[in-house]
Amino acid sequence: KTLVILFEKENKSGKAFEFLDIPFMDKVYFDFFDLLLESGLSVIIVRGLEKIIDNSTFTQGFIYLGKGEFKETTGQLKADIVWDRTFLNSNYPKIGQDCKAEILNLPEFKLITENKWETYKKYPNYFPKTILVKDTESIIKELEEIETDKFVFKPLDLYGGKGVELFNKKDISIFIEFLNKNPNYLSNSLVQEFCDSSIGIKGVIEGNHDLRFMTTNKKILLCYLRTPTDPNE
């Protein structure tokens, strides 16, 4: 079978696959692609929405040969599986079109993985108290529901700690001033009760940490522990 990995746009370098700012990630993916080849899958990278003919057919791509090597190919490419790496608003897959391929990362899935508020609405029991920031007037009242002394501000669609800020509930005026200086965050961010991890986990870690578990079909695949490089962060 053929797996097509569909990306939103081409690399500036014209190469099939590369993380310009994080070189080691290339090797991680190549190791994964090699495993796919060993399992009998053909792997093709397709870059650019203009390469889409229909939901399972594409015009041009890069066939993975193994060990990080690719060969460019033209002509119609038929996919049995499409790993959709396009943006949520990219209009793929095209609604109403027949699709002979299995698509990974359907829009419903991308929505709850790319938008923190949608994730919270879907799985509220897995999160601390969370409030959508709509406007400065309503948030002042809604912050009364936060029971911790501190609260966390997060943009809805950023990741890796980008845009995350910590505020003291006793100084809400500082938070309101922050929102007034960044009006683009209104209706595009949330606040959450602060989970203090400084106590650590007995026998595992002392101090601030982030412990994550990856699961599939209710089984834990692996877990990993992240700690700040600066103990004061």
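Begin with the contacts of the whole chain in this predicted model: among those between residues at least 6 apart in sequence, 50% join residues at least 24 apart. Keep the full chain selected for a moment. Its secondary structure comprises five helices and 13 strands, and the C-alpha trace spans about 65 × 45 × 35 Å along its principal axes. Of the 233 residues, 36% are buried.

Next, switch to a surface representation. The exposed area of the chain is about 15400 Å², of which carbon and sulfur atoms supply 53%. Colouring by charge will mark 31 positive and 36 negative side chains. The centres of these two sets lie 3 Å apart.

**First stop: strand β1**

Select residues 2–7, which form strand β1. How many of its six residues are buried? The count is six of six, and the strand is accordingly described as mostly covered. Display the side chains and inspect each side in turn. In a regular strand, side chains alternate between the two faces of the sheet. On one side of β1 are Thr2, Val4 and Leu6, and on the other are Leu3, Ile5 and Phe7; both faces are covered.

Now add the strands that pair with β1. Residues 42–47 form β2, which runs parallel to β1 and is joined to it by six bridges. To locate this pairing, centre on Thr2, whose bridge partner in β2 is Ser42. Then add residues 81–85, strand β6, which is also parallel to β1 and shares five bridges with it. Here, centre on Val4: the residue opposite it in β6 is Val82.

**Second stop: helix α5**

Hide the strands and select residues 172–181, helix α5. Which of its residues are buried? They are Phe175, Ile176, Phe178 and Leu179. Turn the view to look down the axis of α5: these buried residues fall within an arc of 155 degrees, so they line one face of the helix. On the other side of α5, select Ser173, Asn180 and Lys181, which are exposed.

To see what lies against the buried residues of α5, bring back its surroundings one element at a time:

- α4, residues 136–142, is one of the elements against which they pack.
- β9, residues 150–155, is another packing partner.
- β10, residues 165–168, also packs against these buried residues.
- β11, residues 189–193, completes the set.

With these elements shown together, Phe175, Ile176, Phe178 and Leu179 of α5 can be viewed alongside the helix and the strands that they pack against.

How values were computed
Residues numbered from 1 in each chain as written. Predicted model: local features only at pLDDT ≥ 70, side-chain atom pairs only at ≥ 80, totals over all residues. Heavy atoms only, no water. Helix = DSSP H or I, 4+ residues; strand = E, 2+ residues; numbered from the N terminus. Buried < 20%, exposed > 50% of the residue type's maximum accessible area, 1.4 Å probe, protein only. Contact = heavy atoms within 4.5 Å. Areas by Shrake-Rupley, 256 points an atom, 1.4 Å probe, with all protein chains shown as cover. Lys, Arg positive; Asp, Glu negative; His and termini not counted. Charge placed at Lys NZ, Arg CZ, Asp CG, Glu CD. Arc of directions from axis to C-beta. Pairing = 2+ DSSP bridges.
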